[in-house]
Amino acid sequence: MMRTINYGQAINEALAEEMARDKDVILYGLDVAAWGGIFNITKGLLDRFGPERVFDSPISESAMVGAGVGAAIMGLRPVVELQYADFILVAGDEIFFKAGLWRYMHGGAFKVPLVVRLPSGATGAGPEHSTCPEAYIMHSPGLLCAVPSTAADAKALLKEAIRLDNPVMFFEHRRLYQKRDAIPEGDVTLPFGKGIIRREGRHVTVVAWQYMLSRALKAAEILETEGIEIEIFDPRTLSPFDSETLIESVRKTGACLVVEEGYRRLGVGAEIGAMLMEQAFGYLDRPFRRLAIPDVPVASVKPLVDRVLPSVEDICATCRELAA
Amino acid sequence: MIQNDQLKHIFAKALLTRLFEARLIKLTAEGFLPPLLHPGAGQEVAQIAALSALNDDDPLLYSHRGVGYMVARGTSLSAMIADMAGRAGGTNNGKGGIMHVVDVPNAVYGESGTLGGGLVLSVGMGMALKRRRSDQVVIHFFGDGASNRGTFHEALNWAAVQKLPCIYVCENNGWAVSVPTSVSTAVENIADRAAGYGIPGEVVDGADPNAVMAAISDAARRARAGEGPSLIEIKAIRLLGHYAADPQDYRADAATVKERDPLVTLRQRVIDLGLLSEAEIDAMTADYEAQVEQAVETVKAAPLIDADQAFADLYA
């Protein structure tokens, strides 16, 4: 009988286990210590590991990430919480140039074992606190990008991220924090660059992760009653991206839809579509499609958010077109 | 009080730096090197004096202006030329050029291409030293222009509140590329900003190695004692342009700046103190020129960097 915990607890367990395993792992960010995080993810870690390893930082996003790079090149393994994924742009130099490039431009003289935890997704907090900016990370050499969708994956991918010698941008979807899943016992990690087929089907391959994965799974149940079987691919990490498993799926179904919570133009779906055109054109017998935020900001109030987020019905409708 | 052998050492390293950099500038004019060199002429004496006040394993983040920092630490001259020339044998495999010379065995931890970008890294480096109970201190050089970046404020506040072992050294040469400090900066002294972070701030004359060494020594003692960071402002002199081929049309002080060359002042001082004779300095000069020439020949004989290096060193 597998234990069931929620996604937020899974992240807390991953942090606790890695901090217990390796004294060089430190954790900091705004509110992570005394309060235990605004989303309650880091609760108990200050008591267990003490203020030298778990501490509250100033609201200085550039310094949070930059200090992480500096600590990493000196041999620590910092985990930084940025509180909102949108803030990668506040710390743009530090994320894209320092974390991503410091090793490269100094000829490989350093390793940068840094994890930046990035709570993401639309929760009604306004246009600067609601986005899923994975595409920026995918666009930038030197950075790894994890997008766990289940509690088990969140724990295993975070443990792997902390052990990797490269900087990882670790997206945690806020709408998943309370989501419960079965989780295996023991010291389980998952490799980056290996996705998973969440549901098998023969008519359309749907690529979705995090909150959009749960919508895709709901759509699959509805479509099944209509005789449409969609295959759902969860990439788990976007950099590196498991194109092999996706292409294998598209070879079976002949159609592909990407559902994402980021902006549509030059988004993750644009990249996946281009990749399929280059590497799997012969397997596609219907046009590649994508559903995304339609290039407007994600507003504060629910009706406006719901209007732009890809819905279960949007997914169903597009899959019906593709399966027709 | 500075010891005579330290003064001789500072003069020798500054002389080597000046000769080396002059040769690099000549090589840019000859087309062997790209003109992407930001000369540090006028600032070497203070740079080397500052580093002479520390241990050679104290982690260094340097500023883009000049090579005195690396000469002080003993980084290979030919490796630095190779970094510029795109030849094999450099420190960063052709990735960073002269702007990202790195030499971890000599505690040279690199440079940020975005000016002031290293300030926030120094915070984490200080965190790592503090966590290890290390006796080392991080020294970070940057210019007056970079002191107007937000990273300066974020780093100094953070280092101060966590009492990190960091020494912040602002080399104020009066210019941010072509913009004079009076146009860019509201305060007379960058060091005055230390008060905003509750840390010691001190202004020193960059032509006076005694003053520089004393200020850095005090800052290092405080840092090693767990008392946190300091901000030292060196009033510096930029003798040359922003980059090697800069015509400097914007400079009002172009005619007079050479009269204030700190290396000329120091040369006279070591002679007056009887530490070196004119003849000994001439012999040193000839020796260093030969060392530089040897380094140039080594690089000219080296192969071009393998183009596939473009794909190396990105991920560990």
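**View 1. Chain A as a whole.** Accessible areas here come from the Shrake-Rupley method with a 1.4 Å probe. By that reckoning, chain A of this predicted model has an accessible surface of about 12000 Å², and carbon and sulfur atoms hold 54% of it. Put the C-alpha atoms of chain A in a box along the principal axes, and you need roughly 60 × 45 × 40 Å. A compact globule of 324 residues would have a radius of gyration near 20 Å, and chain A, at 19 Å, agrees with that.

**View 2. What chain A is built from.** Look for 11 helices and 14 strands in chain A. Of its 324 residues, 63% are buried. Take the contacts in chain A with a separation of 6 or more: 82% of them join residues 24 or more positions apart. As for charges, chain A has 35 positive and 43 negative ones, and their mean positions sit 2 Å apart.

**View 3. Where chain A meets chain B.** Here 45 residues of chain A are in contact with 41 residues of chain B. Together the two chains bury about 3400 Å², with 65% of that coming from carbon and sulfur atoms. Three residues to pick out are Leu121(B), Arg131(B) and Trp158(B): they supply 21% of the area that chain B buries against chain A, more than any other three residues.

**View 4. Around Ile305(B).** Find Ile305(B) in the segment after helix 10 (278-301) of chain B. Leaving aside residues up to four places away in sequence, Ile305(B) touches Gly86(B), Arg87(B), Ala88(B), Asn93(B) and Gly94(B). Ile305(B) and Asn93(B) are 212 residues apart along the chain, yet 7.1 Å separates their C-alpha atoms. Ile305(B) counts as partly exposed because its relative accessibility is 27%, and the cut-offs for that class are 20% and 50%.

**View 5. A cis peptide bond at Pro240(A).** The bond running from Ser239(A) to Pro240(A) is cis, with omega near -5°. You'll find Pro240(A) in the loop between strand 12 (237-239) and helix 8 (243-253) of chain A.

**View 6. Positive phi at Gln83(A).** Gln83(A) isn't a glycine, but its phi is positive, at about 70°. The loop between strand 4 (77-81) and helix 4 (92-105) of chain A is where Gln83(A) lies. With a relative accessible area of 10%, Gln83(A) is buried.

**View 7. Positive phi at Lys163(B).** Lys163(B), another residue other than glycine, has a positive phi near 50°. Lys163(B) belongs to the loop between helix 6 (150-161) and strand 3 (166-172) of chain B. Its relative accessibility is 46%, so Lys163(B) counts as partly exposed.

Notes: Residues numbered from 1 in each chain as written. Chains lettered and ligands numbered in written order. Predicted model: local features only at pLDDT ≥ 70, side-chain atom pairs only at ≥ 80, totals over all residues. Heavy atoms only, no water. Helix = DSSP H or I, 4+ residues; strand = E, 2+ residues; numbered from the N terminus. Rg over C-alpha atoms; globule rule 2.2 N^0.38 Å. Buried < 20%, exposed > 50% of the residue type's maximum accessible area, 1.4 Å probe, protein only. Contact = heavy atoms within 4.5 Å. Lys, Arg positive; Asp, Glu negative; His and termini not counted. Charge placed at Lys NZ, Arg CZ, Asp CG, Glu CD. Buried area = accessible area lost by both parts, 1.4 Å probe.
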